[in-house]
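Explain how this structure is put together, starting with one chain and ending with its contact to the other.

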Amino acid sequence: MARLIEELRKLPGIGTKSAQRLAFHILRSNPEDAEALASAVREVKARLQLCSICNNITDVDPCLYCASPTRNQRLVCVVEEPTNIATVEKTRGYNGVYHVLHGTLSPLHGVGPEHLRTSTLLDRVTRGDIDEVILATSPTVEGEATAHYLADMLRSGGARISRIATGVPAGSDIEYADEVTMTRALEGRREM
Amino acid sequence: MIAHQAEALVLRTWPVQEADQIVSLFTRDQGKLKGMAKSAARSRRRFGGALEPMTHVVAHYVEKPRQELVRLDSCEILSSPLSQPVDYRRAAALAFYAEVLEETLPDHDPQDSVFRLALTVLEHTRTDSIWLPVTYFALWMIRLMGWMPDIERCTLCGRPFGNESAWFLAGSDGLVCGDHSHPASRALSPQSLAIAGRFFRTPIAGLVSEDWPPNRAADLRRFAFQSLERHLERKLRSTQALKA
Ligand SMILES: [Zn+2]
Ligand SMILES: [Zn+2]
């Protein structure tokens with residue numbers, strides 16, 4: 001029991017109390033449910049892998065985006081985490097492919113440029129396979145540092161490098177926009 | 001319950017639950033304290049980008065009796081590190097300031113000179129200007145914490161360094177002369193000793209017009225990092241990214 005609690009506690013957002021609650025729930029559940037959970041955990045590790053082109057999590061390699069004949073394979077959107085792909089896909093307005101970094105530069109966590117998964121992206125750009133790279137890391141200090149680093153790294157490859165716009169969120173009130181957000185909104189304005 | 005409105009620097013945040021965050025703040029009036037920002041990840045209206053490390057804010061918070069964490073209600077940005085371009089080095093410098101302040105300052109102990117130091121180095125930390133503010137901050141923090149040894153004469157024999165190097169060793173206090181140095185000691189050049197002296201007499205604004213390439217006073221920076229780490233009895237993570 002202590003071992004199960006300890007393992008659950010390693011999951012993000014799970015403290016000791018939550019881990020105990022989950023462990024007791026598993027203890028009380030019927031054997032089939034417990035077995036289904038265990039086998040789902042085992043299978044996800046056995047079946048899922050990283051796409052050899054874009055680092056997305058996938059059960060087939062290359063992933064469905066990289067293998068798609070209808071997607072623009074010369075347009076790449078760079079995101080921090082695989083979950084960010086779903087956020088971009090929700091727009092239904094993007095038809096390019098992706099590159100997943102699995103993190104950002106983070107001096108406080110010892111993550112330097114050598115730790116980012118960038119080699120396949122650099123290869124694609126230097127081979128001339130890409131027309132445009134969209135840097136869609138978060139507009140935080142670490143996300144900005146990462147975008148800056150990637151732009152420098154990819155610049156000589158000849159692809160267009162762009163950064164997603166930041167500014168006043170849709171549906172919000174300008175009154176509540178802070179100074180940085182408003183400055184960026186003004187900088188990123190567009191012709192109407 | 002006491003409501004406060006205080007000038008502060010955001011040092012760090014830790015996610016808790018789905019959307020809450022614990023925030024470490026260095027307030028000007030009350031020193032360092034920790035607060036709970038409820039649904040900070042969702043409430044852009046109350047926090048926006050204000051919880052990024054080293055953002056200078058006016059924090060609105062409520063102190064509750066017998067509770068360690070204050071309740072952080074909102075933050076207005078006075079100045080944000082995101083108003084200027086950010087690259088890896090600048091992010092590392094910002095992380096360094098935040099980490100040193102977080103680790104050296106005790107809770108609830110106001111330190112106005114440290115607060116002013118942090119504001120002034122922040123102002124001068126740009127993508128094309130990292131090494132001067134980082135070195136200046138590190139050295140001044142050692143001094144303000146009372147950890148700065150004599151930079152003019154040997155700690156052991158009192159001989160002035162004059163035009164010679166001073167020597168320092170990772171595990172021991174003070175600067176010593178060549179005669180008292182250890183085989184593993186590292187040198188601090190007379191030029192860098194002179195720079196340290198100037199740092200303590202000159203506001204940073206008086207130094208920024210000079211050229212500060214990464215190798216200038218690199219030995220002084222190493223000395224400062226080592227001194228901080230020795231007194232804190234731990235490695236500073238952000239210094240890895242600042243080893244030129
Ligand atoms: Zn793929
Ligand atoms: Zn001596």
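Chain B of this predicted model contains six helices and seven strands. Along the sequence these elements are ordered β-β-β-α-β-β-α-α-α-β-β-α-α.

The overall dimensions of chain B can be checked against a simple rule. A compact globule of 244 residues would have a radius of gyration near 18 Å, and chain B has 20 Å, which agrees. Taken along the principal axes, the box filled by the C-alpha atoms of chain B is roughly 60 × 40 × 30 Å. Of the 244 residues in chain B, 41% are buried, where buried means that 20 or more other C-beta atoms lie within 10 Å of the residue's own. Among contacts in chain B with a separation of 6 or more, 61% are between residues 24 or more positions apart.

In chain A, helix α3 covers residues 31-47. At 1.5 Å a residue, its 17 residues should span 24 Å, and the end C-alpha atoms of α3(A) are indeed 24 Å apart, so expectation and model agree. The number of buried residues among the 17 of α3(A) is zero, so this helix lies largely in the open.

The two chains meet in a contact that takes 22 residues from chain A and 26 residues from chain B. On the side of chain B that touches chain A, α1 (44-47) and α2 (88-104) of chain B each supply at least two residues. Helix α2(B) gives the largest share of that side, six residues. Sorted by class, the side of chain B that touches chain A consists of 13 nonpolar, seven polar and six charged residues.

Notes
Residues numbered from 1 in each chain as written. Chains lettered and ligands numbered in written order. Predicted model: local features only at pLDDT ≥ 70, side-chain atom pairs only at ≥ 80, totals over all residues. Contact = placed C-beta atoms within 7 Å. Helix = DSSP H or I, 4+ residues; strand = E, 2+ residues; numbered from the N terminus. Nonpolar A, V, L, I, M, F, W, Y, C, P; charged D, E, K, R; others polar. Expected span 1.5 Å × (residues − 1). Buried ≥ 20, exposed ≤ 12 C-beta atoms within 10 Å, placed from the backbone. Rg over C-alpha atoms; globule rule 2.2 N^0.38 Å.
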